[in-house]
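Hi everyone, thanks for coming. I'd like to walk you through a structure today, so please have the sequence and the 3D view open.

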Amino acid sequence: MKNIKKHNRSKEDGQSMLEFVLVLPVFLLLLFMIIDFGWLFYNMNNVQTATRNAARVACVEFTDTCFNTTAEGNWDLVDSKEYSISDYVANSSSYTIQEQDILDQVSNSLTSNQDTTTVTISYSGGPTVEERIDGDVTVAVKYRINSITGIIGIGQGGMYRDFTATSTFKVEKNG
C-alpha cells in the first residue's frame, strides 16, 4: 500500500510546474497590456487637457497669432498656422507674446516627445482681427505617445501611437 501511494505522488510532481509555465505568459501579457493602455490613456488625457487649455487662451488672445513672414519681412495675418513645439522651445523669442502663451500651454503639459509635437491654430471668422471676433478658434495638437512595454506596439505603428486632440472655442472680444 505504501508503494502505491508513493508511486502516484511521483506522477504529479511536475504538474504544478507545467501549469505555472502555461499560465505565466498569459498573465504577463495581460499585465503588460494593462500597463501600456494605462500609460496610453494617461498621455491621451494630457494631450486633450493641453489642447483645451491652449484653445481657451487662443480664444482670448487672438490679435497677434497666426502670422506668416512676407518676403519684405512684414507680418501677414493668416487663418491657420502650424507650429512645431521643438522649434518653439529652441527659439521662443521669435514668437509673439500671445503665441508664446498659447504654445506654453502645450509645451508645459507635454514634457516628453516634443520633437514630433505640432500645434495647429485655426480661426474660422477670417484672416483679419475684426473677422475673428465673429468666429471660432480651433486648436489641434498632434502628439506621439511611446509604448512602455511594446505590447501596443505590435502591429502597425511600431512602438508608438500618434494621437491628435482638437478643441474649438468661440472667440471672445477683448475689452
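Before I point at anything, a word on names: helices and strands here are DSSP runs, a helix having at least four residues and a strand at least two, and they are numbered from the N terminus. With that in hand, I can say that Asn53 lies in helix α2. Please also keep in mind that this is a predicted model.

Let's start with the overall picture. The chain has five helices and six strands. If you walk along the sequence, they come in the order α-α-β-β-β-α-α-β-α-β-β. There are 175 residues in the chain, and 33% of them count as buried. The accessible surface is about 10900 Å², with carbon and sulfur atoms contributing 56% of that. And if you take the contacts between residues at least 6 apart in sequence, 63% of them join residues at least 24 apart.

Now let's go to helix α2, which covers residues 15-60. I've already mentioned Asn53 there. With a relative accessible area of 23%, Asn53 is partly exposed, because the buried class stops under 20%. Its C-alpha is 9.9 Å from that of Leu103, which is 50 residues away in sequence.

Asp36 sits in α2 as well. Is Asp36 buried or exposed? Asp36 is buried, its relative accessible area being 0%. Asp36 and Asn146 are 110 residues apart along the chain, and their C-alpha atoms are separated by 9.3 Å.

Next, a loop residue. Thr117 is in the loop between α4, residues 97-109, and β4, residues 118-123. Thr117 has 1% relative accessibility and so counts as buried. Which residues does Thr117 touch, leaving out those up to four places away in sequence? They are Tyr83, Ser84, Ile85, Val106, Leu110, Val141, Lys142 and Tyr143.

On to the strands towards the end of the chain. Ser167 belongs to strand β6, residues 160-170. This serine is buried too, at 10% relative accessibility. Leaving out residues up to four places away in sequence, Ser167 touches Thr51, Arg52 and Ala55, and also Val137, Thr138 and Val139. For Thr138 we have a distance as well: Ser167 and Thr138 are 5.6 Å apart, C-alpha to C-alpha, with their positions 29 residues apart in sequence.

That brings me to charges. Side chains of opposite charge can pair when their charged atoms come close. How many salt bridges does the count come to? The count comes to two.

One of them is formed by Asp136 and Lys170, whose closest N and O atoms are 3.9 Å apart. Asp136 lies in strand β5, residues 136-146, and Lys170 in strand β6, so this pair ties together parts that are 34 residues apart in sequence. If you look at Asp136 on the surface view, Asp136 is partly exposed, with a relative accessible area of 28%.

Another salt bridge is the one between Arg144 and Asp162, where the closest N and O atoms are 2.9 Å apart. Here Arg144 lies in strand β5 and Asp162 in strand β6, so the pair ties together parts that are 18 residues apart in sequence. Arg144 counts as partly exposed at 24% relative accessibility. Asp162 is partly exposed as well, with a relative accessible area of 40%.

Last stop: the surface. Which residues gather in a patch of negative charge? They are Asp79, Glu130, Glu131 and Asp134. Among them, Glu131 is placed in helix α5, residues 129-132. Glu131 has 36% relative accessibility and so counts as partly exposed.

To recap the places worth a click: Asp36 in helix α2, Thr117 in the loop between α4 and β4, Ser167 in strand β6, and the two salt bridges. Thanks for listening, and I'm happy to go back to any of these views.

Note on methods:
Residues are numbered from 1 along each chain as its sequence is written. This is a predicted model: local features need pLDDT of at least 70, side-chain atom pairs count only at pLDDT 80 or more; totals for chains, interfaces and linings use all residues. Side-chain values use heavy atoms; hydrogens and water are left out. Buried means under 20% relative accessible area, exposed over 50%, partly exposed in between (1.4 Å probe, protein chains only). Contact means heavy atoms within 4.5 Å. Accessible areas come from the Shrake-Rupley method with a 1.4 Å probe; for residues, only the protein chains shown count as cover. Patches are made of residues with over 30% relative accessible area and no salt bridge: like charges are joined within 9 Å, nonpolar side chains (Val, Leu, Ile, Met, Phe, Trp, Tyr) within 5 Å. A salt bridge is a side-chain nitrogen of Lys or Arg within 4 Å of a carboxyl oxygen of Asp or Glu. Lys and Arg count as positive and Asp and Glu as negative; His and the chain ends are not counted. The place of a charge is taken as NZ of Lys, CZ of Arg, CG of Asp or CD of Glu.
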